[in-house]
Amino acid sequence: MKYLSFTLLLFMISTLAGAQKLTNERAQWFTDARFGMFIHWGVYSGAEGYWKGEKLRHGNNYAEWIMYRNRIDKEEYLTLLEKFDWDEIDPEQWVILAKKSGMKYVTITAKHHDGFGLWHSETGDFHLGNYTDRDIIKELSEACHKHGLKLGLYYSHWVDWEHEFGWDHSKELSSISADEYDKYWQEKVIPQVRELLTNYGEISMLWFDMWIHHSESIVTKEQLLQLKSLIRDLQPDCLVNSRLGLSIEEDPDIDFKTLGDNQLGSRKEEFPWQSPATVAHSWGFHRSDTEWKSTSTLIKSLINNVSLNGNLMLNIGPRANGEVPFEISQRMLEMGKWLEVNGESIYGAGAFDLDKDLHDWGRITFKNENNISKLYLHVYTWPLGKKIPLTGVTSTPSRIYLLADKQKSPLEFSHVGAFTEIQIPALAPDPYVSVIVLEYPGYPEITDNLVGKSITGGFSLTPLNAVSEMGEAIIVSESIFATVPLHVLIEDPANLQWKIYVDMPGTKNIDLSYSYQGEVNKGNLSIAKGNQRLTHNIQPTGKTIGEPNQNWVIDNFKSHRIGQVYFPEAGYYDIELVVSPGPQEEIKFQWIWIR
Ligand code: GLC
């Protein structure tokens, strides 16, 4: 027999919310800063993604790769410098843009993979000193100092297309020996990093770019440790990122983890981390790059990362005359305006201990200063119902207000158990993301692992917010275009459990969505609450069509009203679903909706 049973139980737990724990002294400024600027600018900026009429040869459109992708030889590549208008180029403008955009640090490609240094190097001849009297690193360092921003330098250590023995992926075919590579390392990398850390004042970060582990590359761990100890000797406070080639897990002396390009955080981490991101796609200026992310997407990317203890470093790819593309500067300045009002919820803020997906209205960041805790609710879509539900915090807030409201006029709210409901004005104070502040004396107590109450008033119990093990049941991700939604494939008896906090007692409808492709009305589902039990005959849900005229037939998922359950009082309830399919029969469970 096939059935689903459903039981409700009362329970209560609570834990403490905390701050980001694995930030070393050196990186404290970094986790406070949260938002920085990346600058990809170099010889490649003169090409704008094209060489001799041909577009860059790679779908990722990384314009700074043109020398390698389009197989340009070194001498010819440097003819691109003729495009540079030195009267127009003014690195201070980049720093001013960063500052107006609310960014606290700037990281420039001192040397990218092409091997060309943007400063007057004493090492080799492939650097700006041979072509102009301008030293971009010096100018940027002075501008950062003047405007109070930290300076980071990107240095491509592993890959160098210019040096005879530097790494170039084509060497997978021609190969170089370990000794030859070490010659590059000792002749170019070590002396150049020494110059950068000696001649330009305080360098707050060295940003390396090896996106694979050193064990898979020609670089040895010894070489990386040699480089790191040089940095520690010369500027002990300079941060080093994990793309040095050593993971933060393997070497806790690495200051922060760098995620993949344009990869945002997906889980809370206690160590510092950062996403490098672009406004469109390419890092260096690419003339036909047009996939501009919206300002609101970028603001949400920043909020997402901060809510998981991470940073965002957003890139500009200036043109050969130093100009920042309008589509980029416009969005950054809009972010700056948003941060002028709402920056308190970003700078010095971090993750709160509740699950990131708990609330369907947005994301939470957290701060504790002088024993006052503040929760910042970032509301992505202002609910029409004029109420924001907050699930999981058991402490009562001392006051609630809009961050945009200088008067901090109190918002009305009610609080019961693990549920706070805030009355909000009809109109959102901010067109992008509005922030509501909840203040608590001390650290607020929480109950973790609850299903959040939706802005539409119900509870959606899904495979992802279940608290229990599901035996052999397998979570199946949504398929292409999500025509088949995420579900649990249940072939053997399985048991799912959730915890909810019911703030409004009373009778609630129970809907269940599943797909069943067996024969007509064979077996049943039953749902129990204490000694009450609801039984539901399993109904075949049939098929549906994904797109017209493509013979695209998919299993249908359908919602069934299986009855009503009475919740006698406000409180915690355990919800249990037991599924026992018959032999060779499977149920694809999607969700329970309680409202
Ligand atoms: C990749 C690319 C590079 C870019 C970097 C930014 O490593 O090779 O061109 O500088 O990502 O994160």
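Reader: What covers the buried residues of α4?

Author: Ask which elements touch the buried side of a helix. In this predicted model, the cover over the buried residues of α4 includes β4, β7, α5, β13 (310–316) and α10 (326–342).

Reader: Which residues of α4 are buried?

Author: P91, W94, V95, L97 and A98. They span an arc of only 160° around the axis, so they sit on the same side of α4.

Reader: What happens just after α4?

Author: Look at the backbone there. G102 takes a positive phi of about 85° just after α4.

Reader: Now α5. How do I check its length?

Author: Multiply out the rise and compare it with the end-to-end distance. Helix α5 covers residues 136–147, which is 12 residues. At 1.5 Å a residue, α5 should span 16 Å. The end C-alpha atoms of α5 are 16 Å apart, so the two agree.

Reader: Which residues of α5 are buried, and which are exposed?

Author: Sort the residues by accessibility, then look at their directions around the axis. I136, I137, L140, S141, A143, C144 and H147 of α5 are buried. Their arc is only 165° around the axis, which means that they are on the same side of α5. H145 and K146 are exposed on the other side of α5.

Reader: What do the buried residues of α5 pack against?

Author: Five elements: β4 (35–39), α4 (91–100), β7 (105–111), β8 (150–155) and α7 (178–199). Note that α4 appears here, just as α5 appears in the cover of α4.

Reader: What is found at the start of α5, and what just after α5?

Author: Check side chains against backbone at the start, and phi at the end. At the start of α5, a side-chain oxygen of D135 comes to within 3.1 Å of the backbone nitrogen of I137. Just after α5, G148 has a positive phi of about 75°.

Reader: Where does phi turn positive in a residue other than glycine?

Author: N61 is one case, with phi near 60°. N61 sits in the loop between β6 (54–55) and α2 (66–69). N61 counts as buried, because its relative accessibility is 9%. K408 is also not a glycine and has a positive phi of about 55°. K408 belongs to the loop between β17 and β18 (413–416). With a relative accessible area of 31%, K408 is partly exposed.

Reader: Strand β17 comes up there. Is L402 buried or exposed?

Author: Place the residue first, then read its accessibility and contacts. L402 is in strand β17, residues 399–402. L402 counts as buried, at 10% relative accessibility. The cut-off for buried is under 20%. Neighbours within four places in sequence aside, L402 contacts W382, L411, P425, P429, V435 and I436.

Reader: How many residues separate L402 and E569 in sequence?

Author: The two are 167 residues apart in sequence. In space, L402 and E569 are 32 Å apart, C-alpha to C-alpha.

Reader: What does T258 contact?

Author: Again, begin with place and burial. T258 is in strand β11, residues 257–258. T258 is buried, with a relative accessible area of 9%. Apart from neighbours within four places in sequence, the contacts of T258 are W207, N241, S242, R243, Q274 and P276. With N241, the side chain of T258 makes a polar contact of 3.1 Å.

Reader: Which residues come nearest to the ligand?

Author: List the surrounding residues, then pick out the polar pairs. There are 15 residues around the ligand, and H40, E64, H112, D209 and D261 come nearest. The side chain of H112 has an N or O atom 2.8 Å from a ligand oxygen. For H113, an N or O atom of the side chain is 2.9 Å from an oxygen atom of the ligand. A polar side-chain atom of W65 is 3.0 Å from a ligand oxygen. The protein covers 98% of the 310 Å² of accessible area that the ligand has on its own.

Reader: How do I read the whole chain?

Author: Start with the inventory, then burial, contacts and surface. The protein chain has 10 helices and 33 strands. Of its 595 residues, 59% are buried. Among contacts between residues at least 6 apart in sequence, 73% join residues at least 24 apart. The accessible surface of the chain is about 24900 Å², and carbon and sulfur atoms account for 49% of it. The C-alpha atoms fill a box of roughly 85 × 60 × 45 Å along the principal axes.

Terms used: Residues numbered from 1 in each chain as written. Predicted model: local features only at pLDDT ≥ 70, side-chain atom pairs only at ≥ 80, totals over all residues. Heavy atoms only, no water. Helix = DSSP H or I, 4+ residues; strand = E, 2+ residues; numbered from the N terminus. Expected span 1.5 Å × (residues − 1). Buried < 20%, exposed > 50% of the residue type's maximum accessible area, 1.4 Å probe, protein only. Arc of directions from axis to C-beta. Contact = heavy atoms within 4.5 Å. Polar contact = N/O pair within 3.5 Å; in protein donor to acceptor, adjacent residues only side chain to side chain. Near = heavy atom within 4 Å. Areas by Shrake-Rupley, 256 points an atom, 1.4 Å probe, with all protein chains shown as cover.
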